[in-house]
Amino acid sequence: MKFEDSKYFELKHYKIERPFGHFYLLENFFISELNEGIHFDWEMIKSVMDEVVLFYGPEAQIGYISNRTNSYSTNPQTWDGIYKKYGLIIAGAIVTYNTMTFMNATLEKQFFKKSIKRCLSLEEAIEWVSNLKELKNN
């Protein structure tokens, strides 16, 4: 389910639109929904993350949800680059809708130094991220 079709769309958020996907910035976390068939490379990540840092501030501690409603590719090793350059993501959730995205999420877990939870619905991911004790202290 896309964020815009969920009950959570009513929550206060800021939307970033790019040719390769949409990003929704909420109070303590943000959600990505990438377009079908793209390769989400470092330049794309950087363009979004620079805006995320402007929105939350460089010292923020936030969660991240990758809502994988479409099939796309990314280099799982970019997690290390994101962590080293930005450092504001404290935990992430990957919403998987089929076996392939679940397997990809399992691979990505190996490259991210923080917690990544694989979820079967957007609701599960939002509930998990919203209840992270690290975010409740923000």
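Author: Contact means heavy atoms within 4.5 Å. This is a predicted model, in which local features need pLDDT of at least 70 and side-chain atom pairs count only at pLDDT 80 or more, while totals for chains, interfaces and linings use all residues. Residues are numbered from 1 along each chain as its sequence is written, and side-chain values use heavy atoms, with hydrogens and water left out.

Reader: Which element of the chain has the lowest mean pLDDT?
Author: The predictor's confidence in each residue is pLDDT, on a scale from 0 to 100. The chain has a mean pLDDT of 89, and 94% of its residues reach 70 or more. Among the elements, which are DSSP runs numbered from the N terminus (helices: H or I, at least four residues; strands: E, at least two), β2 has the highest mean and the lowest, 74, belongs to helix α3 (residues 99-109).

Reader: Which residues of α2 does α1 meet?
Author: Helix α1 (residues 42-56) and helix α2 (residues 78-85) have axes that come within 11 Å and cross at roughly 30°; axes are lines fitted to C-alpha atoms, for helices over the stretch in contact, with angles from 0 to 180 degrees between N-to-C directions. From α1, the residues Trp 42, Ile 45, Lys 46 and Met 49 take part, and they meet Thr 78, Gly 81, Ile 82 and Lys 85 in α2.

Reader: Why is the pair of Phe 23 and Phe 40 classed as stacked, edge-to-face or tilted?
Author: Rings of Phe, Tyr and Trp (its six-membered ring) pair if their centres lie within 6.5 Å; planes under 30 degrees apart count as stacked, over 60 as edge-to-face and the rest as tilted. The structure holds 9 aromatic pairs. In this one the ring centres of Phe 23 and Phe 40 are 6.3 Å apart and the planes stand at 25°, so the pair is stacked.

Reader: How many residues apart in sequence are the parts that Phe 23 and Phe 40 tie together?
Author: Phe 23 is buried at 1% relative accessibility, and Phe 40 is buried at 9%, where buried means under 20% relative accessible area, exposed over 50% and partly exposed in between (1.4 Å probe, protein chains only). Phe 23 lies in strand β2 (residues 21-25) and Phe 40 in strand β4 (residues 39-40), so the parts tied together are apart in sequence by 17 residues.

Reader: Is Ile 62 buried or exposed?
Author: Ile 62 is found in strand β5 (residues 62-67). Beyond four places away in sequence, Ile 62 touches residues including Phe 30, Val 52, Tyr 56 and Leu 135. With a relative accessible area of 2%, Ile 62 is buried.
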